Structures are given as C-alpha cells and as structure tokens.
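Please open the structure in the viewer and follow the selections below in order. The tour concerns the packing of a pair of helices and the surroundings of one residue.

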Amino acid sequence: MNPTPTLASAAEVSPAAGAVSLERNRRRVALVILSRYGTLIGLTAMVVAFTIRAPTTFLTLPNFLNILNQSSLTAIIAAGLTMTLVVGEFDLSIGYVASFAGLIVVGFIARDGLPMLLAVPLVLLIGAGIGTTSGFLVTKVRINAVIATLGIGTILVGAGFAYSAFPIAAGVPAEFVQISLGKPVFGIPNPILIMVVVLAILWVILNKTDLGQKMQAVGGNIEAARLSGIRVDRVKMFAFATAGVCAALTGTLLSSLLGSGTLAAADGYLLDAFAAVFLGSATLRDGEFHIVGTLVGVLIIAVGFNGLSIFGAPTFFQPIFKGAILVLAVGLSTLARRYAKA
C-alpha cells in the first residue's frame, strides 16, 4: 500500500505548483500588455531608433509634418474602413472607389467644365452612393461583403477605363491643386487639417452619439442588437456609405496632389488601410476597432516608410515592410481578442 501523503510532502509540492502558476500568470500578463500596448511600444521604439540614427533629420518639425502629410490620405480612407469593421463587415472596394473618384473629379472639372465647388461635393455624393450600394447588396440581397465589395470594385475598374478616354491632365485649375498643396494655417498642409476634421467627426459619431452606440452593438452581437430594436441593415448601410465618402475624399485629395486623374492611382491604399485598422484594433483595446487606434496604426506605417526612405533602403523593402505589418497587425488583433474573452 502507498503511504498516505504527509503534511511535509504536501508542503514540498506546493511551492513548485505555486512557481508554475506564478510563471503562467506572468506570461499571461506579458501577452496582455503586448496585445494592448505592443503597437505603441513598437511606434516608440521606431521613433527612438530613427532619432538615434538620424538626429538632425528624423526628429524635426519639417519631417514630422511630412510624416503627417504623407499619412493623411491613408488615415482618411482607413477611418472610413474602420466604420465598416466596427459593424462586423468588410469593404474591399475602398481603393477602387478612391481611384475612380480621383479620376472622375478631374473629368468633371477638366472635361465637363463644372466648378470645383460643385465637382468635389458631387464626387463625395457618388462615393456615398457606391458605399450605399455595397451596403444594400450586403444587407438586403444577403451577398457576402467580401464578394459584394470586390465585385463593386471590379466594376469601378472597368468604368474607370471607359471614363479615362480623354486628356485627364489637361485643364486642371490651380485652385484644385491647392486643395492638397495649400498651407493656409501656420504652414500646416491642407491634407493634415482635413484628416483631423474627418477623424474628429467619425470619433464623435462612434463614441458620443446614439448611432455610434448602435454601430458598436451591431458589431458586438448582431442578434442581440436586432432583438433590442436596432435597425441593423440601416446601421450597416450607413457604415458602408461613410466608407465610400472617405474613399472618394481620399481619391479627390490624391488627384489634387498629382494634378491629374490617374487610373488605379489609389488602389494601393486598400492594403495600407487594412494594416492600419488591424494595428489600431490592437491598440489600447482588446481587439476592438476604433478611430484613435486606426490613427496609431497609420502613424506606425508612415514612420516606418519615412525611416526606410531616410536611410536609403532599397525600394523592395517597402512592400516587405507593408506585408509584415499586416501580418503583425492581424496577429496582435487576434491575440487581443483571445485574451479579452479569457
């Protein structure tokens, strides 16, 4: 027969079990900190490293404004994408919407002779219409959001080719170019000011309005939101329409910056926007999409690109960095959600 465990033997086992439990708790705390603050730690580490390597170039006011200016368009389109992700949907058409909007706004001005003050709002309205169409297909026709928005984006590519059969660089007024190149307030470029206004408006909508609470409720538990009386389809369509407006605004600013309408000019913003939004969802919150986090994600990408440019890294490093950031962003977001549920 095995002897009955004594108090001494139990006391010998207890410290070992306690040490294992303590080590496990430490590891869990470290992972929770990484999932919530890893993006901020990474951004700080990049800023410190780049400052040490190039103290007279990187950490200067002109370069800081340059980073914000370069990231402003990504921030605007990513903020619109955030709205769709908040309600639990995807929008893969935003890059195509931006390219199409940038093309037709120049066409309205240069070919059709519309005044700029009419052409720009009209293009934003078209962007809202495209987003609403995507939202209708997703909510009413019940097409998967990935398929619906990818299909809409492909249609816009064809429409852009059809529309571009005119000299899209001729007849662009200087006033239109000054939308992106102008610096009316203390030397701050217009895109930065527009970015601040757009992000502030969307932050207020998400955090300070009844509509924003409904959007978060829909994204959190759609069935519970529907049972509580929320008109889920309308909320989702609003999110898609907002993404369309932000994409159209991004395309307009890009065409203003280029001084012409260019096919596929903004298609690359899709990947940047997704990377920024998923990085943002792992910032300060447990895997939740929010505007402040999206801005942090955008800054991480912009600071990384700026540092690579300053140090003369080969061009092929940029897509490698962008792809790695996207994988890291989704990984951190998944980790944050896992520990939020735990």
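Select helix 4 and helix 5 in this predicted model: the two cross in a right-handed sense. Helix 4 covers residues 116-139 and helix 5 covers residues 145-163. Their packing angle is about 145°, and the axes lie 9 Å apart.

Next, display the side chains at the contact. Helix 4 contributes Ile130, Thr133, Ser134, Leu137 and Val138, while helix 5 contributes Ala145, Ala148, Thr149, Ile152 and Leu156. By class, these contact residues comprise 7 nonpolar, 3 polar and no charged.

Now keep helix 5 alone. From first C-alpha to last, its 19 residues reach 26 Å, close to the 27 Å expected at 1.5 Å a residue. Colour Ala145, Ala148, Thr149, Ile152, Gly153, Leu156, Gly160 and Tyr163, which are the buried residues of helix 5. Looking down the axis of helix 5, one finds these buried residues within an arc of 130°, so they line one face of the helix. Turn to the face directed away from that buried side: Ile147, Thr154, Ile155, Phe161 and Ala162 are exposed there.

Restore the surrounding helices. What do the buried residues of helix 5 pack against? Their partners are helix 3 (94-110), helix 4 and helix 10 (232-258).

Finally, centre the view on Ser134, in helix 4. Ser134 counts as buried because its relative accessibility is 0%, and the cut-off for buried is under 20%. With neighbours within four places in sequence left aside, Ser134 is in contact with Ser93, Thr149, Ile152 and Phe240. Of these, Thr149 and Ile152 also belong to the helix 5 side of the contact with helix 4.

Note on methods
Residues numbered from 1 in each chain as written. Predicted model: local features only at pLDDT ≥ 70, side-chain atom pairs only at ≥ 80, totals over all residues. Heavy atoms only, no water. Axes fitted to C-alpha atoms, helices over the stretch in contact; angles between N-to-C directions. Helix = DSSP H or I, 4+ residues; strand = E, 2+ residues; numbered from the N terminus. Left-handed = near helix turned anticlockwise from the far one by under 90°. Contact = heavy atoms within 4.5 Å. Nonpolar A, V, L, I, M, F, W, Y, C, P; charged D, E, K, R; others polar. Expected span 1.5 Å × (residues − 1). Buried < 20%, exposed > 50% of the residue type's maximum accessible area, 1.4 Å probe, protein only. Arc of directions from axis to C-beta.
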